[in-house]
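The following paragraphs lead the reader through a single structure, one region at a time. Please keep the sequence and the model in view while reading.

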Amino acid sequence: MPLLIAGTPELKKELLPKHCAGPNLSAFCLTEAEAGSDAGAMRTTAKRVGNEYIISGTKQFITNEGVANPYSVFASEQPELRNKGISCFIVPAQTPGILAALIKSNDWSSRMNYYDR
Ligand SMILES: Cc1cc2nc3c(=O)[nH]c(=O)nc-3n(C[C@H](O)[C@H](O)[C@H](O)COP(=O)(O)OP(=O)(O)OC[C@H]3O[C@@H](n4cnc5c(N)ncnc54)[C@H](O)[C@@H]3O)c2cc1C
């Protein structure tokens, strides 16, 4: 959905046909422990290094985590701007450094992640 709304024409042309060709799932990765309704409080950052970005942070309650590819990951390039500093990155699931883990608890929301698998 973020790609449809705000992706460049080049990115849409590259990713959408492949994604729509098969039974693929993607995931919307916004929520964090301290940033649910208040997305501007997110702590995940994106730092540009040359032609790449380094994204650092932890998301939670992500539907389809672990089976989705790619992930739409929201991260802040300018945390002081809160909501206006946030960008969305299309991140292939096989990108080195991503760990998708199931959190087991008695909390209803966390158990939903289990049922999604
Ligand atoms: C089944 C399920 C699937 C999910 N899947 C995804 C997913 O795929 N990707 C993803 O990024 N997130 C996902 N989430 C997370 C979901 O988007 C967040 O739970 C939601 O944004 C609320 O955040 P929170 O749980 O931290 O609650 P909080 O933001 O802490 O809110 C707690 C309560 O306070 C109320 N509240 C908050 N702010 C205000 C305010 N300013 N004024 C009045 N009331 C307020 C809320 O309405 C709520 O009742 C999922 C959640 C569930 C339950």
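**Loops, strands, core and ligand shell**

Arginine 82 lies in the loop between strand E4 and strand E5 (86–91). Here helices (H or I, at least four residues) and strands (E, at least two) are DSSP runs, numbered from the N terminus. The model is a predicted one, in which local features need pLDDT of at least 70 and side-chain atom pairs count only at pLDDT 80 or more, while totals for chains, interfaces and linings use all residues. Residues are numbered from 1 along each chain as its sequence is written.

The phi angle of arginine 82 is near 50°, a positive value in a residue other than glycine. Most residues other than glycine have a negative phi, and most peptide bonds are trans. Arginine 82 is partly exposed, because 14 other C-beta atoms lie within 10 Å. On this scale a residue is buried if 20 or more other C-beta atoms lie within 10 Å of its own, exposed if 12 or fewer, and partly exposed in between, with C-beta atoms placed from the backbone.

The loop between E3 and E4 holds asparagine 64, whose phi, near 75°, is likewise positive in a residue other than glycine. Asparagine 64 has 17 C-beta neighbours inside 10 Å and therefore counts as partly exposed. Proline 70 also has its place in the loop between strand E3 (52–56) and strand E4 (71–76). The peptide bond leading from asparagine 69 to proline 70 is cis, with omega near 5°.

Strand E2 (residues 45–49) runs antiparallel to E3, and five bridges join them; two strands pair if DSSP finds at least two bridges between them. Within this pair, alanine 46 stands opposite isoleucine 55 in E3. The two strands form a hairpin with two residues between them, and glycine 50 in the turn has a positive phi of about 65°.

Alanine 46 and isoleucine 55 both belong to the largest nonpolar core, which has twelve residues in all, including Met42, Phe74 and Ile86. Such a core is a set of buried Ala, Val, Leu, Ile, Met, Phe, Trp, Tyr and Cys residues joined through C-beta atoms within 7 Å. E1 and E4 are the elements that give two or more residues to this core, and the largest share, four residues, comes from E4. In soluble globular proteins, nonpolar side chains tend to be buried together.

Which residues are closest to the ligand? They are Leu30, Thr31, Gly36, Ser37 and Thr63, among the twelve that surround the ligand; a residue is near a molecule if its C-beta atom, placed from the backbone, lies within 6 Å of it. Strand E1 (27–29) and helix H3 (108–116) are the elements that give two or more residues to this shell, and E1 gives the most, with three residues.

Helix H2 (residues 9–21) has 13 residues, which at 1.5 Å a residue should span 18 Å, and its end C-alpha atoms are indeed 18 Å apart. The number of buried residues in H2 is zero, so the helix lies largely in the open. A kink of about 30° lies at leucine 15 in H2, shortly before proline 17; the bend at a residue is the angle between axes fitted to the seven residues ending there and the seven starting there. Leucine 16 is found in H2 as well, and its 13 C-beta neighbours inside 10 Å make leucine 16 partly exposed. The C-alpha atoms of leucine 16 and leucine 4, twelve residues apart along the chain, are separated by 8.7 Å.

Technical notes:
Expected span 1.5 Å × (residues − 1).
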